[in-house]
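User: Please take a close look at how the helices pack here, and then follow the strands and the loop around them. A plain account with the cut-offs is enough.

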Amino acid sequence: MKWVVYIILVLVIVMGLLKSCINRDIPETTSFQNTIQTTKEIIYPEDQKTITIDGVDYLQSQAPVGNFGGALTSSTIGEGPKTFNPFNSKDNISSIMSEIMYDGLLTTHPISGQPIPKLAKSFTISDDGKDYIINLRKGLKWSDGKPITADDVVFTWRDIIFAGFGNTSTRDSIIIDGKLPTVEKIDNYTVKFTTPKPYAPFVRMLSTPIAPKHIFMPAVKKGTEYFETFLSTNTRPRDFVISGAFKLKEYVPAQRVVYERNPNYYIINKDNKKLPYLDKLVYLIVGDLNNEVLKFEAKEIDTISLQGSKVARYKAMESYSDFTIHNLGPDTGTMYLAMNLNNRKNDKGEFYVKPEKQIWFQDVNFRRAVDLVVDRKNIVLNIANGIGAPLFTAESLNSIFLNKNLQPYDKNIDKAKELLKQSNFSWDKNGQLYDKFGNRVEFDMLTNAGNTEREAIGVMVKQDLEDLGMKVNFKPIEFNSLVNKLVNTLDWDMVIMGFTGSPIEPNGGKNVMMSDGTLHVYNMRLAKDKNSPRYNFEKRIDELFTKGALATKFEDRKKYYDEYQQIIYDEKPFIYLYAPTRIIAIRNKFKNIFPTSLGGVTYNIEEIFIDNEIQNDKRSK
């Protein structure tokens, strides 16, 4: 049976999970209503199914059969990836670029949000919720022709993830009462994971990429320092051995990343021919959002995520242009402002944050004053052209765990000043703000250069804070340098950034929210600092995430996650700004486009093909 889904303004999200969860309203604005009025019919194919041919357990696409050949060119902002090793990546771009090449045991259904098999043929969870039996597809091969077996799975989890190689976010997210799960090989195509206790988020962690043991084992044996450089951006493309639909073909720093189709991929079409259809997948490294728009309009790239300010113009162009616009609803990530609450010293005995700034940032009245003076409605109106909504919570607006009891509020300078007065701040005759020790309130505010949206937000927030008499030195810097400051050198004051997120699993933010998390940005701890004293609210958030992960019923889990959102709302370690609406444009020549709020537009990249008739027609004109 096929689904017929009518996309009217905002796609319905996570339908399978919502049956047992909650209903919620997705904010819409008048500007948004006026901009996008069209209704488009999308006919979704049946789910991919397993079909065995000559002993190989293929996944068979049920999408319309297409043409082979051609390329899809997308883009990325900034300086490009820092690594192609999926276990080392600490930023979103590196994760995207590396995980293209490596599939996991499971993946997320793009409509229902349920975990479904990928490299796995099937999986079962024991009645007590602790044992996960994974049955691998038989006959699958790595791109070098070697078989994909249980040995690769056990090696990936035991010798890379559990052993703490690379980015430990995955490992940190599955520690239960100080213990890690176990993994064992049952036979060549069967693996069993066992968690110390029933652990609701674990099944989703099984989407983590699987590494080829014969390639990664030598790097692991050389130790963690060597592993940090393994499969770096300097690695020769021919040295990659992968399981995904596309393999690295070329990387030109600050220019482009080119992938070519994997001839050993295990997804086939209804004619039993191996996918993907496309020969190449290309990412142009465009530097900034304005350059990205220019390249889309010059037809150098095929798809683009539109800022709110661009939507009306593109919507007007749509009917006589070669692209279609898709509205995917509220962004699944969060945009935030944070202050550095770190009060520790570096190896030289110097404070990461100057003592006077520590006093300001660690004062909840100061943080609440900053929060109150930020004009979120103005940000939505001027940055997103009204296509979005103010954000006040740690969970995205389309999260099934959203705490809807947390009320929005407007900018309030008078109330902000009262809070500052309570903490003995004062103003001179020129309206400049000073603390009780006579220090002028001045600090740096950073964001990533090239992201014109965040740069524009920074300009507006700077003005809002200067309305309180603060002196703000706004400094956009290169993205990788910014990440290094946030998680390594810790030399920053205030930052405007964003986190990716999942609307179906808050535990994915454990590495951000828990006090020893690898992205606990506002009070980052290095390894040796993990036992440092914590704020009381941080301790409680640790407890809530632990309890939320161990609870198995949605209602119980939501209670814990509601409370953590309440704490963030009250304490303001993160000050959330706004939730843009995801608007994507893609060339009409690409077929098998089935957009969803969860998956986006090109989540099924192996099924996407180029309609030669449309392409040739455009060329003839």
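Analyst: H18 and H19 are roughly antiparallel to each other (a label for angles over 145 degrees, with under 35 counted as roughly parallel, 65 to 115 as roughly perpendicular and the rest as oblique). This is a predicted model, in which local features need pLDDT of at least 70 and side-chain atom pairs count only at pLDDT 80 or more, while totals for chains, interfaces and linings use all residues. Residues are numbered from 1 along each chain as its sequence is written, and side-chain values use heavy atoms, without hydrogens and water.

H18 spans residues 536–550 and H19 residues 554–571; they pack at about 160°, with 8 Å between their axes. Axes are lines fitted to C-alpha atoms, for helices over the stretch in contact, and angles run from 0 to 180 degrees between N-to-C directions. Helices (H or I, at least four residues) and strands (E, at least two) are DSSP runs numbered from the N terminus. The H18 and H19 crossing is left-handed (the near helix is turned anticlockwise from the far one by less than a right angle). On the H18 side the contact includes Phe-537, Ile-541, Leu-544 and Phe-545, and on the H19 side Tyr-560, Tyr-561, Tyr-564 and Ile-568 are among the residues involved. Contact means heavy atoms within 4.5 Å.

Elsewhere, 4 strands form an open antiparallel sheet in the order E8-E9-E11-E10. E8 (120–125) and E10 (182–187) are the edge strands; each has a single partner strand, so one side of each lacks a neighbour in the sheet. From one strand to the next, the twist averages 20°. E8 pairs with E9 (residues 131–136) over 5 bridges in the antiparallel sense, where a pair needs at least two bridges found by DSSP. Within this pairing Phe-123 faces Ile-134 of E9.

At the other edge, E10 and E11 are also antiparallel, over 5 bridges, and a hairpin of 2 residues links them. Val-183 stands opposite Phe-193 of E11. Helix H4 (residues 150–161) lies across E9, E10 and E11 (190–194), at about 170° to E10.

The loop between H4 and H5 (169–173) holds Asn-167. Beyond its neighbours within four places in sequence, Asn-167 is in contact with Phe-87, Asn-88, Ser-89, Lys-90 and Thr-518.

A parallel pairing occurs between E22 (residues 442–448) and E23 (residues 471–477), joined by 7 bridges. In that pairing Phe-443 lies opposite Val-472 of E23.
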